[in-house]
Amino acid sequence: MSIRGSNSLISSGNPLFVVDGVPTDNIDFLNPQDIARMDVLKDASSAAIYGSRGASGVVIVTTKSGATVKSGINVSVETSYGVRTAARLPKMMTGAEWWRFHQAAYLSATPTTQTPAQLATLAGNQSPLLVQRANNGYNFDWYDAVLQPGAMQNHYVNISGRSDGGLGYNLSFGIQGNEGIIANDSNDKYTFKLGINHKINSKFTTGANITVARTITEYGSDTAMRSAFSFSPLISPYAVDANGNDIPGQLFLLPGKLTYPDGSWAINKTSTINPLLEIANSRQNERIWQTLGNLFFQYQPKKWLSLNYILCRILKYQSGNIKYSRN
């Protein structure tokens with residue numbers, strides 16, 4: 001989010017977020033359904049109130065509390081599920097198109113001296129399987145091998161109410177899940193929100209707001225997509241038998257340096273690592289707990305004037321670890 005534009009050469013220029021009176025760097029940990037209101041301060045008033053931290057603007061976020069809930073007990077449940085797929089992908093060459101393109105790379109300054117057979121020999125030098133596959137109309141779909149349908153789900157339960165004694169409460173639980181279009185790429189967030197508001201009399205009110213979030217992120221491989229899209233459709237991720245046939249389920253580490261069982265070259269081109277092995281063996285995990293909240297006291301001498309005093313800020317607590325491994 002950018003409010004006042006870039007005004008520093010060394011800082012990020014991100015605004016300051018203030019959630020229920022507690023300053024924080026971002027609001028990624030919040031469940032959007034728990035947000036009741038957002039106000040943006042973009043002029044000098046933000047710096048006057050929040051000092052240098054508000055130089056890039058301030059976003060004030062107010063979460064749902066027990067202040068405006070109705071009497072009795074109110075329960076609401078929301079759930080949704082969706083599927084995502086890759087869209088507007090660039091059109092890739094077929095095996096036949098790539099083979100013609102590959103042969104063209106061997107054209108000399110006097111192409112009339114080179115016959116199609118000579119070009120094919122040069123292009124297939126130490127790569128007999130490429131020539132065999134090109135002649136047989138072979139075509140491997142790397143899009144289909146690397147990409148998968150992703151999923152999105154959101155489940156939210158809210159319980160609110162107000163007692164005869166003036167105690168209002170707003171309690172919610174949320175689960176948000178996002179599964180990426182590449183395996184081992186996902187984000188899951190679990191949130192708990194409690195807002196309590198007790199009206200002592202017509203002028204005095206006290207309450208609390210607490211948010212707890214648990215985020216689990218799996219980043220997966222950061223190179224698999226790029227590697228897959230650079231491979232020829234005449235190259236597959238699998239090992240081959242003596243006849244050049246794919247062995248399903250047996251992945252080869254360097255498909256562009258493929259060998260027959262006897263060790264001779266089947267394909268001798270690129271040394272890029274098999275993207276399917278990258279996906280299966282790369283792990284980047286991030287697990288974070290975040291807690292934020294406050295205890296407040298409010299005095300309202302007039303209908304148009306209210307004074308809030310934060311008795312105690314439950315400072316944002318964040319703990320997490322990132323684990324990375326590649327086998």
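The exercises below, with worked solutions, concern a predicted model of a protein chain.

**Exercise 1. Overall make-up**

Task: State how many helices and strands the protein chain has, and what share of its residues is buried.

Solution:
- Step 1. Count the elements: the protein chain has 7 helices and 13 strands.
- Step 2. Turn to burial: 36% of the 327 residues count as buried.
- Step 3. Look at the surface: the accessible area of the protein chain is about 18600 Å², and carbon and sulfur atoms hold 56% of that area.
- Step 4. Look at the contacts with a separation of 6 or more: 66% of them are between residues 24 or more positions apart.

**Exercise 2. The two sides of helix α3**

Task: Find the buried residues of helix α3, and explain why they lie on the same side of α3.

Solution:
- Step 1. Helix α3 covers residues 116-123, and its buried residues are Leu119, Ala120 and Ala123.
- Step 2. These residues lie on the same side of α3 because they cover an arc of only 100° around the axis.
- Step 3. Recall the general rule: with 3.6 residues a turn in an α-helix, residues three or four places apart point the same way.
- Step 4. On the face turned away from the buried side, α3 carries the exposed residues Ala117 and Thr121.
- Step 5. The buried residues of α3 pack against two helices, α2 (95-104) and α4 (128-135).

**Exercise 3. Helix α4**

Task: Say which residues of α4 are buried and what covers them.

Solution:
- Step 1. Buried in α4 are Leu129, Leu130, Arg133 and Ala134.
- Step 2. Their arc around the axis is only 135°, so they are on the same side of α4.
- Step 3. The cover over these buried residues includes α2, β10 (238-240) and β11 (246-251).
- Step 4. Move on to the residue Gly137: it comes just after α4 and has a positive phi of about 75°.

**Exercise 4. Strands β5, β6 and β7**

Task: Work out whether β6 runs parallel or antiparallel to β5 and to β7, and give an example of a paired residue in each case.

Solution:
- Step 1. Strand β5 (residues 72-84) is joined to β6 (residues 150-162) by 13 bridges, and the two run antiparallel.
- Step 2. As an example, His155 in β6 stands opposite Thr79.
- Step 3. Strand β6 is also antiparallel to β7 (residues 167-179), with 12 bridges between them.
- Step 4. Here an example is Met152, whose bridge partner in β7 is Asn178.
- Step 5. The hairpin of β6 and β7 has 4 residues between the strands, and Gly166 takes a positive phi near 95° there.

**Exercise 5. A nonpolar patch**

Task: Name the residues of the nonpolar patch on the surface, and say which strand gives the most to it.

Solution:
- Step 1. The patch is formed by Ile73, Val75, Val77, Val157 and Phe173, which together have about 480 Å² of accessible area.
- Step 2. The strand that gives the most is β5, with 3 residues.
- Step 3. Phe173 is in strand β7.
- Step 4. Phe173 has a relative accessible area of 41%, so it counts as partly exposed.

**Exercise 6. Asn274**

Task: Decide whether Asn274 is buried or exposed, and list what it touches.

Solution:
- Step 1. Asn274 is in the loop between β11 and α7 (275-281).
- Step 2. Its relative accessibility is 0%, so Asn274 counts as buried, the cut-off being under 20%.
- Step 3. Leaving aside residues up to four places away in sequence, Asn274 touches Pro237, Leu251, Phe252, Leu253 and Pro255.

Terms used
Residues numbered from 1 in each chain as written. Predicted model: local features only at pLDDT ≥ 70, side-chain atom pairs only at ≥ 80, totals over all residues. Heavy atoms only, no water. Buried < 20%, exposed > 50% of the residue type's maximum accessible area, 1.4 Å probe, protein only. Contact = heavy atoms within 4.5 Å. Areas by Shrake-Rupley, 256 points an atom, 1.4 Å probe, with all protein chains shown as cover. Arc of directions from axis to C-beta. Pairing = 2+ DSSP bridges. Patch = residues over 30% accessible without salt bridge, like charges linked within 9 Å, V, L, I, M, F, W, Y side chains within 5 Å. Salt bridge = Lys/Arg side-chain N within 4 Å of Asp/Glu carboxyl O.
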